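Let's take a walk through this structure together, with the cysteines as our starting point. Keep the model open beside you as you read.

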Amino acid sequence: MRYLLPLGIFIVLVIFLGIGLKLDPHEVPSPLIGKPAPQFNLPQLHAPEKSFSPEQMKGKVWLLNVWASWCVSCRQEHVYLTEFARTGVVEVVGLDYKDEPQDGKKWLSQLGNPYVLSITDLEGTAGLDWGVYGVPETFVIDKKGLIRHKQTGPVGPVILETVILPIVQTLNGEAG
Amino acid sequence: MKKIVMFLLVLFCQIALAEIKVYDFKDPVLELRYQALTEELRCLVCQNQNIADSHAELAQDLRSKVYEKLMVGETDDQIISYMTNRYGDFVLYRPPLKSKTMILWLAPVLTVLLGGLGF
């Protein structure tokens, strides 16, 4: 009986520490979820004379994938993202973050281009407004132009199938 | 002797290059506010450093943002909310008292009280 209380405290402590171990401190919840996608007007990577702004995607569910040719884990997710985009389930826009346009173009021509278009964010201004702190990052934007989900870090087959795809499907069902 | 002097000069050159970019403030009050703000804001890349100490590129960007905003006369609150609107309360080393952070603020007091009760 006298050991019951210390045992109880011990168990609670172990549970809390266990939860703590499972948390990823690098996954910072974005305050932008449910808020309108921050606007920007930036040149397109492959057609610098044309610009892109998130407003142009209104009425569509789309993904914004933040990448860069200097980013190692972007290379890792690229294969899966390309495969996912090829299914045509959702349009993916790329944001080439703090990257030289020629490096970005070379990267895409070597590894394949999953994006309907990419945007050049040379100074990282759009990235700052979108709260980007570690590339790659992937945002899901709904038909009304609200950010509904953010994935920090590389997306693999599991995240694409079990997280991104269901969200896209639900959002496709929503009224625009 | 000359060689040694040259060698030392080269060494100092590198030190100068490695230094964090220093912003020029004409107004000492602004400078103090800049120091306070950058020490209060957490760098999201190297999470145990504030943006004043960090060499990460994001920290550099955020420092220049703070400087820019101070120069156009924004208040500390405006700058802090600019940061939290983008990165959440996580950027603050002292999180605000909210229902979500209540346990964080109350846990130390509760622990002391529990201890006082003889546990």
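A disulfide is counted here when two cysteine sulfur atoms lie within 2.5 Å of each other. Chemically, it is a covalent bond between the sulfur atoms of two cysteines. Please keep in mind that this is a predicted model. With that cut-off, a search of the whole structure turns up one disulfide over all chains.

Where is that disulfide? It joins Cys71(A) to Cys74(A), with an S to S distance of 2.1 Å. The link of Cys71(A) and Cys74(A) is right-handed, with 90° about the S-S bond. Cys71(A) and Cys74(A) are both buried.

Now turn to chain B and look at Cys43(B). Why is Cys43(B) without a bond to Cys46(B)? The closest cysteine sulfur to that of Cys43(B) is in Cys46(B), and at 3.2 Å it is too far for a bond, because a disulfide needs the two sulfur atoms within 2.5 Å. Cys46(B), in turn, is in no disulfide, its nearest cysteine sulfur being that of Cys43(B), 3.2 Å away. As for their surroundings, Cys43(B) has a relative accessible area of 0% and is therefore buried. Cys46(B) has a relative accessible area of 23%, so it counts as partly exposed.

Staying in chain B, you can find Thr101(B) in the loop between helix H4 (76-87) and helix H5 (102-116). Is Thr101(B) buried or exposed? Its relative accessibility is 13%, so Thr101(B) counts as buried, since the limit for that word is under 20%. If you set aside the neighbours within four places in sequence, Thr101(B) is in contact with Pro95(B) and Pro96(B).

Next, see how the two chains meet. Here 16 residues of chain B are in contact with 14 residues of chain A. Between chain B and chain A, about 1300 Å² of area is buried, and carbon and sulfur atoms give 58% of it. Of the area that chain B buries against chain A, Gln47(B), Arg86(B) and Tyr87(B) supply 38%, more than any other three residues. Three salt bridges are found across this interface of chain B and chain A. Arg86(B) also forms a salt bridge with Asp129(A), where the closest N and O atoms are 2.9 Å apart.

Finally, go to the surface of chain A. A nonpolar surface patch there covers about 970 Å². Its residues include Met1(A), Leu4(A), Leu7(A), Phe10(A) and Ile11(A). Of these, Phe10(A) is found in helix H1 (residues 4-22) of chain A.

How values were computed. Residues are numbered from 1 along each chain as its sequence is written. Chains are lettered from A and ligands numbered from 1 in the order in which they are written. This is a predicted model: local features need pLDDT of at least 70, side-chain atom pairs count only at pLDDT 80 or more; totals for chains, interfaces and linings use all residues. Side-chain values use heavy atoms; hydrogens and water are left out. Patches are made of residues with over 30% relative accessible area and no salt bridge: like charges are joined within 9 Å, nonpolar side chains (Val, Leu, Ile, Met, Phe, Trp, Tyr) within 5 Å. Accessible areas come from the Shrake-Rupley method with a 1.4 Å probe; for residues, only the protein chains shown count as cover. A salt bridge is a side-chain nitrogen of Lys or Arg within 4 Å of a carboxyl oxygen of Asp or Glu. Helices (H or I, at least four residues) and strands (E, at least two) are DSSP runs, numbered from the N terminus. Buried means under 20% relative accessible area, exposed over 50%, partly exposed in between (1.4 Å probe, protein chains only). Contact means heavy atoms within 4.5 Å. Buried area is the accessible area (1.4 Å probe) that two parts lose on being put together, summed over both.
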